[in-house]
Structure formats: C-alpha cells, structure tokens
Amino acid sequence: MAVDVSQVAQLDVSPGELPRSMAAWVIREERFGEPLEAFQVEEMEVPEPGAYEVVVRVMAAGVNFNNVWAALGEPVSVFRYHEEDHHIGGSDASGVVWKVGEGVTRWKPGDEVVVHCNQASYEDVEVHGLDPLAAPSQRIWGYETSWGSFAQFCKVQAQQLLPRPQNLTWEEAASYGLTYFTAYRMLIDQADLQSGDRVLIWGAAGGLGVFATQLCALAGADCVGVVSSPTKGELVSELGATAWIDRNDYAGMMRRGGESHEEERTRFKESRRFCKALNEMLGGQPPDIVFEHVGRATFPTSVLAVRPFGKVLICGATSGYNLDFDVRYLWMRQKQILGSHFANAYECTKANELIEAGKIRPVLWRTMGFDGVAEAHQLMRDNKHLGKIAILVGAEAEGQGRTVDGPGAIRAEVGA
C-alpha cells in the first residue's frame with residue numbers, strides 16, 4: 001500500500017490517544033541489500049506501550065551507521081536479535097510522550113523528550129547494582145530492537161527518556177545521543193579523564209570525535225585530533241583541540257592486515273614518525289589516553305603511542321575488527337586496553353545536562369525530510385556524507401522547537 005510521507009507531520013489524535021496506523025521506514029529480511037532498496041515506507045500498526053514502556057511521537061530522528069548494517073544484513077542480521085518480522089530502525093530521537101504504559105510515573109503525555117538507545121530487562125540483576133550494559137538482555141534500541149525512530153511513533157522503555165534541551169531545535173536534539181553518550185562513558189567514566197591529561201582522538205571531526213574533543217576541552221585536558229583534511233582540522237580547533245594531525249600525511253602507518261615482514265617494518269617506521277609528531281604537539285609527552293573507534297587500521301599505532309600505564313579506549317572498529325598489533329608494547333610497558341559500549345541511563349542523564357547547559361554542543365551537517373531516510377543511509381554507505389544527518393518526522397520544518405535562548409548545534413561540514 002502506498003503511503004503519503006508528505007503528511008507524516010499531521011495527526012488527528014491528541015496526546016494519550018494512538019492512531020490505528022503510522023508511516024514507517026521498514027527493513028525486511030527478504031530485501032537485505034543497499035539502503036535505497038532495503039528501506040521502504042510501509043503503513044504499520046502503532047505499538048501499544050507495555051508495563052514501564054512509553055510510546056513517543058517522533059519529531060525528529062538521527063541517522064547512524066548501525067542501520068546501514070541493518071539494511072545490509074551484515075555483519076549479522078538484526079532479526080537475530082528481535083522476534084518481529086519487520087525492522088523499524090533509528091537509535092536517536094527527539095519527540096513528545098504520547099502514551100505511557102502501566103507503572104510509568106515520571107513521564108506523562110505531552111512531555112518533550114530525547115531518547116537514549118540502551119535497553120535492558122528490569123528483571124536482570126545487573127541492572128540493579130552493577131551496570132545495565134552488563135545485563136544479558138542488553139540491546140541497542142532501533143538496531144537490536146524494532147520500533148525505532150524512523151516512524152511517526154516509536155516504543156521505548158521509560159528509563160530511556162531524558163528531558164529535551166529547550167535550547168535546541170527538534171532536529172538538533174535528535175542528532176547527538178548515540179555518539180555523544182558513547183564518548184561520555186568512554187572518557188569520563190572508563191578513562192577517568194582529568195584536567196591536564198593528554199589525549200589522542202582518532203576521527204576527531206566525526207560523530208564520536210567532535211564530542212570527545214569538546215569533553216577534553218571542558219575537562220581541561222589537552223587533545224590532538226586526527227582528521228582527514230585541513231578544513232576538518234579547523235573545526236576540531238574550534239571545538240577546543242590543542243592541535244590536529246592530517247592522517248593523509250601518515251597514510252603508511254595504517255594497518256591493512258596481511259602485511260609482509262618488510263611491509264610491516266615500513267608501516268612501523270611511519271607509526272613511529274606519527275608518534276614523534278604527536279608527542280611534540282603534547283609538550284614532548286605521549287598521550288595518557290587514546291580514544292579509539294577505527295580498529296584494524298589504527299590500533300597498532302594506538303598501542304604504540306599511549307604512555308606506559310596509559311589507556312586505550314575502544315568502542316568500535318570501522319576499518320575492521322580483527323586486530324593485529326605488537327603485544328610487547330602492551331605488556332612490557334603495562335598499558336591498558338578497555339572496551340566500552342554506549343552508556344547507562346545515569347551517564348546519559350549527566351551528559352545531557354551538559355547539553356542543556358550549553359557546555360557541549362551537537363555538530364549537525366544536514367537535515368532531511370522523512371522521505372530522505374533511505375537516501376541518508378545510502379549517503380553513509382557510500383561515504384558521501386559529511387557529518388551527522390537528522391530526519392524531520394513530526395516537525396514540519398527546520399528550526400522548530402527551541403523555546404529558550406542558548407547555543408544550539410554547530411553547523412559544520414564534518415566527517416569521520
């Protein structure tokens with residue numbers, strides 16, 4: 001059935017009442033492939049909230065690479081994680097609470113919210129004393145679950161909701177959650193970032209890096225960002241970086257995998273040259289912390305670069321997840337490798353307060369209409385995007401939603 005996506009901002013129901021159906025961008029297993037083909041608009045039922053659940057009217061959604069993977073069905077099918085025969089993706093959203101389930105007392109219809117993407121069962125003991133990220137039921141909403149933000153309504157756990165910063169528009173408020181909260185947990189909690197720390201940030205002008213850079217500046221830490229162009233170097237300087245390095249000047253240090261002995265010797269020399277330049281930028285000292293999410297290409301250099309007893313924090317592996325590095329530099333200099341995955345509700349709340357206070361700002365490249373969901377993911381798939389993309393859903397136009405003065409998003413052409 002054809003769905004008129006031009007009418008997604010129009011509703012004939014009030015908060016507290018759900019319509020029978022909604023427009024949603026849906027992925028199905030039989031059409032895994034390129035995002036332009038895998039994503040299709042369908043008329044779907046509107047889910048009812050269960051106990052401790054909330055249905056939110058989506059005003060704007062954020063685009064992340066996880067739903068490029070969902071479209072491709074790689075590296076694993078999303079249907080391995082949830083029981084629905086459809087997948088409605090989207091792991092970032094701003095919106096309005098529309099209906100609450102049994103047991104929800106903190107939120108009511110009409111509340112304006114942003115959504116963090118970590119879900120776990122309230123019955124898992126890890127949720128009540130260790131960390132929800134350790135729970136066996138832990139899932140990333142809108143990727144490992146359905147009912148995400150690429151629809152007129154989404155369904156979430158009540159604990160996923162945060163107050164919407166009123167100094168941001170709907171699209172700005174939808175643009176930061178997944179990447180910012182991930183960076184916050186990595187640096188503030190996992191790395192225990194302190195004033196005076198020295199930090200290396202890979203992909204400093206990308207979705208994670210722009211927040212890592214701002215967090216370092218806010219904490220009084222010195223950071224050097226690795227970028228892919230002078231324009232992006234100017235951006236990270238604006239965000240508070242001490243200095244920046246163009247990775248193209250050290251292309252030979254990138255690990256491809258399967259290097260011969262001679263090729264590895266040459267690559268290692270380039271890594272040493274990179275480390276020498278990095279240390280000079282940090283006052284003659286190596287970094288205390290390396291902010292990693294690139295993986296195979298950069299990880300050997302990260303282990304080499306960090307100081308003895310220093311920490312390499314890693315939350316992803318965009319260049320490959322099979323890592324190959326000289327482990328002698330790890331054990332003989334007693335360095336640490338720490339894995340990190342998104343954030344818990346408390347960390348998201350504390351991070352969101354910095355957004356509300358204007359101390360950390362989203363960095364947004366482009367806003368597209370609801371009809372652009374498949375195109376936005378194809379841009380990411382083809383590496384033709386230049387930064388964070390937001391999708392208007394219930395918001396009729398850009399610029400809506402801001403109710404108080406304060407710094408909004410930084411508009412810049414940025415990328416990983």
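This is a walk through a predicted model, going from a central sheet to the helices around it and then to one further helix.

**The sheet**

Start by selecting β12, β11, β10, β13, β14 and β15, which lie in that order in an open sheet of six strands with parallel pairing. Color residues 243–246 and 336–339 separately: these are β12 and β15, the edge strands, each of which pairs on one side only. From one strand to the next, the twist averages 20°.

**Strand β10 and its partners**

Next select residues 198–201, strand β10, and show the side chains. Arg 198 and Leu 200 point one way, Val 199 and Ile 201 point the other way, and all of them are buried.

Add residues 222–227, strand β11. The pairing of β10 with β11 is parallel and runs over four bridges. Look for Asp 222 of β11 opposite Arg 198. To follow the chain between these two strands, select residues 209–219: the path leaves β10, passes through helix α5 and arrives at β11, a β-α-β crossover that is right-handed.

Now add residues 289–292, strand β13, which pairs with β10 in the parallel sense over three bridges. Which residue of β13 is the bridge partner of Leu 200? Val 290 is the bridge partner of Leu 200.

**Toward the β15 edge**

Move to residues 311–314, strand β14. Its parallel pairing with β15 has four bridges, and Lys 311 stands opposite Gln 336 of β15.

Keep these strands displayed and select residues 177–190. This is helix α4, packed on the sheet and touching β13, β14 and β15, with a direction that makes about 160° with that of β13. For another helix that packs on the sheet, select residues 261–281: helix α7 touches β10, β11 and β12, and its direction makes about 165° with that of β12.

**Helix α4 against α5 and α10**

Return to α4 and show α5 beside it. The two axes come within 8 Å and cross at roughly 45°, which makes α4 oblique to α5. The crossing of α4 and α5 is right-handed. For the contact, show Thr 179, Tyr 180, Ala 183, Tyr 184 and Leu 187 on α4, which meet Phe 211, Ala 212, Leu 215 and Cys 216 on α5.

Then select residues 345–356, helix α10. At what angle do the axes of α4 and α10 cross? They cross at roughly 105° and come within 10 Å, and α4 and α10 are therefore roughly perpendicular to each other. On the α4 side, the contact is made by Tyr 180, Phe 181, Tyr 184, Arg 185 and Asp 189. On the α10 side, select Glu 347, Cys 348, Lys 350, Ala 351, Asn 352, Leu 354 and Ile 355. Tyr 180 and Tyr 184 take part in the contact with α5 and also in the contact with α10.

**Helix α11**

Last, select residues 373–381, helix α11. Is this helix mostly covered or mostly uncovered? Helix α11 is mostly covered, with seven of its nine residues buried. Those buried are Val 373, Ala 374, Ala 376, His 377, Gln 378, Leu 379 and Met 380.

To see what lies over them, display β1 (21–26), α1 (35–38), α2 (66–72), β17 (366–368) and β18 (389–392), which are among the elements covering the buried residues of α11. Finish just after the helix, at Asn 383, where phi is positive at about 55°.

Conventions
Residues numbered from 1 in each chain as written. Predicted model: local features only at pLDDT ≥ 70, side-chain atom pairs only at ≥ 80, totals over all residues. Heavy atoms only, no water. Buried < 20%, exposed > 50% of the residue type's maximum accessible area, 1.4 Å probe, protein only. Pairing = 2+ DSSP bridges. Right-handed = clockwise from strand over helix to strand, strands pointing away. Axes fitted to C-alpha atoms, helices over the stretch in contact; angles between N-to-C directions. Contact = heavy atoms within 4.5 Å. Parallel < 35°, antiparallel > 145°, perpendicular 65-115°, else oblique. Left-handed = near helix turned anticlockwise from the far one by under 90°.
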